[in-house]
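Thank you all for coming; I would like to take a few minutes to walk through one structure that is new to most of us. Please have the picture in view while I talk.

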Amino acid sequence: MSDFPASRAATPPPPATTRAALLYPLRLTINGEPHTLEVESTVSLLDLLRDRLQLTGTKKGCDHGQCGACTVLVEGRRINSCLTLAVMQEGAEITTVEGLANGDELHPLQQAFIAKDALQCGYCTPGQLCSAQGLINEGQACTRDQVRELMSGNICRCGAYPQITDAVMAVLDESQGPAATPEASPAHWTPGTVPA
Ligand code: FES
Ligand code: FES
């Protein structure tokens, strides 16, 4: 005969909703540092960066792929980190705004944003910076119009667009030299398209 009282022995198992979520192993290199993690399959890369790794430079604006505040670089390519699950990035190299500077030396884009006064509240700025670096990596923009078009996924509620464009153009001009002209733009760039 059992030593437990009848009421305790009859306690049903907890409902499925209270059971621990399954964790998946995940290896990432973030700003040059290797990370070994365990995450639920539903955690976005944005939430992993901000809530688990305290890399809060990357901002959450809409959480729906509409504003670009959460832009980071994955293997040098810009993505909205709110739209990708962390587990989908297994093994990837990720750069956030915290990884742009070289120690105490600001990244050229960061310097240009300061020099051109390309921010007001600054909330969109980390996403603008990462997106601008992605834009430069893509090598598809030479002119102001192309920069405006290809940065159009990054919303600035303060309306600092002219200064942001000035800052990106300053770095592009520096990297491309005075020979860059509209005609030098790669032929495959099509007005009205923005890389996802
Ligand atoms: S928070 Fe990701 S696009 Fe707005
Ligand atoms: S500087 Fe405020 S949202 Fe862009």
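Let me begin with a pair of residues that face each other: Leu73 stands opposite Arg78, and Arg78 belongs to E4. I should say at once that this is a predicted model, and that everything I describe is read from that prediction. Strands E3 and E4 run antiparallel and are joined by four bridges. The two strands make a hairpin with two residues between them, and in that turn Glu75 has a positive phi of about 55°. Glu75 is a residue other than glycine, which is why I mention that phi value here. As for its surroundings, Glu75 has 12 C-beta neighbours inside 10 Å, and therefore it counts as exposed.

There is another hairpin to look at. Strand E1 and strand E2, the latter covering residues 33–40, pair in the antiparallel sense over eight bridges, and within that pairing Pro25 stands opposite Glu38 in E2. Here too there are two residues between the strands, and Asn31 in the turn takes a positive phi of about 55°.

Moving along the chain, we come to helix H2. Which residues of H2 are buried? They are Leu45, Leu46, Asp47, Leu48 and Leu49, and they pack against E2. Just after H2 comes Gln54, with a positive phi of about 55°, although Gln54 is not a glycine. This residue is found in the loop between H2 and E3, and it is exposed, with 9 other C-beta atoms within 10 Å.

Let me step back to the overall plan. The protein has six helices and five strands, and from the N terminus on the order of elements is α-β-β-α-β-β-β-α-α-α-α. Of its 196 residues, 31% count as buried. If we take the contacts with a separation of 6 or more, 61% of them are accounted for by residues 24 or more positions apart.

How far can the model be relied on, in the predictor's own terms? The mean pLDDT of the protein is 88, and 80% of the residues reach 70 or more. Over residues 181–196, however, the pLDDT is below 50, and this stretch has 17 contacts in the model beyond near neighbours in sequence.

Now to helix H4, where I would like to spend a little longer. Why does the length of H4 make sense? The helix has 14 residues, 125–138, and at 1.5 Å a residue these should span 20 Å; the C-alpha atoms at its ends are 20 Å apart, so the two values agree. H4 is mostly covered, since 11 of its 14 residues are buried, and the buried ones run from Thr125, Pro126 and Gly127 through Gln128, Leu129, Cys130, Ser131, Ala132, Gln133 and Gly134 to Leu135. What they pack against comprises strand E3 (71–74), strand E4 (77–80), helix H3 (108–115), helix H5 (144–150) and helix H6 (161–176), and the hairpin I started with is thus among the partners of H4. Just after the helix, Gly139 takes a positive phi of about 65°.

Helix H6 can be read in a similar way. It has 16 residues and reaches 22 Å from its first C-alpha to its last, close to the 22 Å expected at 1.5 Å a residue. Its buried residues are Ile164, Ala167, Val168, Met169, Val171 and Leu172, and what covers them includes H3, H4 and H5.

This brings me to the core. In soluble globular proteins, nonpolar side chains tend to be buried together. In this model the largest nonpolar core has 41 residues, and those with the most contacts inside it are Leu109, Leu129, Leu135, Val147, Ala167 and Val168. Strand E1 (23–30), helix H2 (45–52), E3, H3, H4, H5 and H6 each supply at least two residues, and H6 gives the most, with six. Where does this core lie with respect to the domains? Domain 1 (23–99) and domain 2 (101–190) both give residues to it, so the core lies between them.

I will close with one residue of that core, Leu109. Leaving aside residues up to four places away in sequence, Leu109 touches Leu129, Ala132, Gln133, Ala167 and Val171.

How values were computed:
Residues are numbered from 1 along each chain as its sequence is written. Chains are lettered from A and ligands numbered from 1 in the order in which they are written. The expected span of a helix is 1.5 Å times one less than its number of residues. A residue is buried if 20 or more other C-beta atoms lie within 10 Å of its own, exposed if 12 or fewer, and partly exposed in between; C-beta atoms are placed from the backbone. Two residues are in contact if their C-beta atoms, placed from the backbone, lie within 7 Å. Two strands pair if DSSP finds at least two bridges between them. pLDDT is the predictor's confidence in each residue, from 0 to 100. A nonpolar core is a set of buried Ala, Val, Leu, Ile, Met, Phe, Trp, Tyr and Cys residues joined through C-beta atoms within 7 Å. Domain bounds come from an automatic or database domain assignment.
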